Amino acid sequence: MAFGGDRGISKVEISDDGGESWDDAEINKPGTKISWSLWRYDWTPDEEGDAELVVRATDGKGELQISDYRDQVPDGATGLHHVKARVERA
């Protein structure tokens with residue numbers, strides 16, 4: 001899910017190399033300018049081991065999500081979403 005306040009979401013991107021490169025995710029439920037947008041991304045890892053995916057969004061005005069972490073109080077949270085995964089051969 002991605003939320004851009006009253007600006008909506010125009011793009012969601014995923015990185016599996018620490019933010020060096022970014023791939024577009026598919027926004028399959030764009031929502032409205034005041035609701036969450038739902039997105040998906042089919043990821044096929046290149047190798048086994050520990051991996052970390054990073055997600056960022058661009059709002060409807062073209063502004064990229066703030067990457068620096070800030071807690072939600074007093075001005076709202078910022079920062080990129082990180083997901084760790086362990087990739088093993090099936």
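Here is a short tour of the model, stop by stop, with something to select at each one.

**Before you start**

This is a predicted model, in which local features need pLDDT of at least 70 and side-chain atom pairs count only at pLDDT 80 or more, while totals for chains, interfaces and linings use all residues. Residues are numbered from 1 along each chain as its sequence is written, and side-chain values use heavy atoms, with hydrogens and water left out.

**The whole chain**

Start with everything shown as a cartoon. You'll find 0 helices and 6 strands, running β-β-β-β-β-β from the N terminus (helices are DSSP runs of H or I with at least four residues, strands runs of E with at least two, numbered from the N terminus). Along the principal axes, the C-alpha atoms fill a box of roughly 45 × 30 × 20 Å. Of the 90 residues, 24% are buried (under 20% relative accessible area with a 1.4 Å probe and protein chains only; exposed is over 50%, partly exposed in between).

**The sheet**

Now colour β2, β1, β5 and β6. In that order these 4 strands make an open sheet with antiparallel pairing (two strands pair if DSSP finds at least two bridges between them). β2 (23–24) and β6 (81–87) sit at the edges with a single partner strand each, so one side of each has no neighbour in the sheet. Zoom in on β1 and β2, which pair over 2 bridges in the antiparallel sense. Select I14 and you'll see D23 of β2 opposite.

**The rings**

Which two residues form the tilted ring pair? Select F3 and W36: this is the 1 aromatic pair in the structure (rings of Phe, Tyr and Trp, the last by its six-membered ring, with centres within 6.5 Å). Their ring centres are 5.1 Å apart and the planes stand at 35°, so the pair counts as tilted (stacked is under 30 degrees, edge-to-face over 60, tilted the rest). F3 belongs to the segment before β1 and W36 to the loop between β3 (26–29) and β4 (38–40), so the pair ties together parts 33 residues apart in sequence. F3 is partly exposed, at 42% relative accessibility.

Next, pick W22 and R56. R56 lies over the face of W22, 3.9 Å from the ring centre (the rule asks for NZ of Lys or CZ of Arg within 6 Å of the centre and within 35 degrees of the ring normal).

**The pockets**

Keep F3 selected and add A57, Q65, A77 and G79: these lie nearest the centre of the largest pocket, which is lined by 28 residues. A pocket here is an open set of points on a 1 Å grid over the protein atoms alone, where a 1.4 Å probe fits, with protein on both sides within 12 Å along at least five of seven lines; lining residues have an atom within 4 Å of a point. The volume of the largest pocket is about 610 Å³ (the space filled by probe spheres set on the points, which are joined across faces, edges and corners). β5 gives the most to this lining, with 5 residues.

For the second largest pocket, at about 170 Å³, select its lining residues, including D16, W43, P45 and V87. β5 again gives the most, with 4 residues.

**Last stop**

Finish at K61, in the loop between β5 and β6. Is K61 buried or exposed? K61 is exposed, with a relative accessible area of 66%. Draw a line from its C-alpha atom to that of A51, 10 residues away along the chain: the two are separated by 31 Å.
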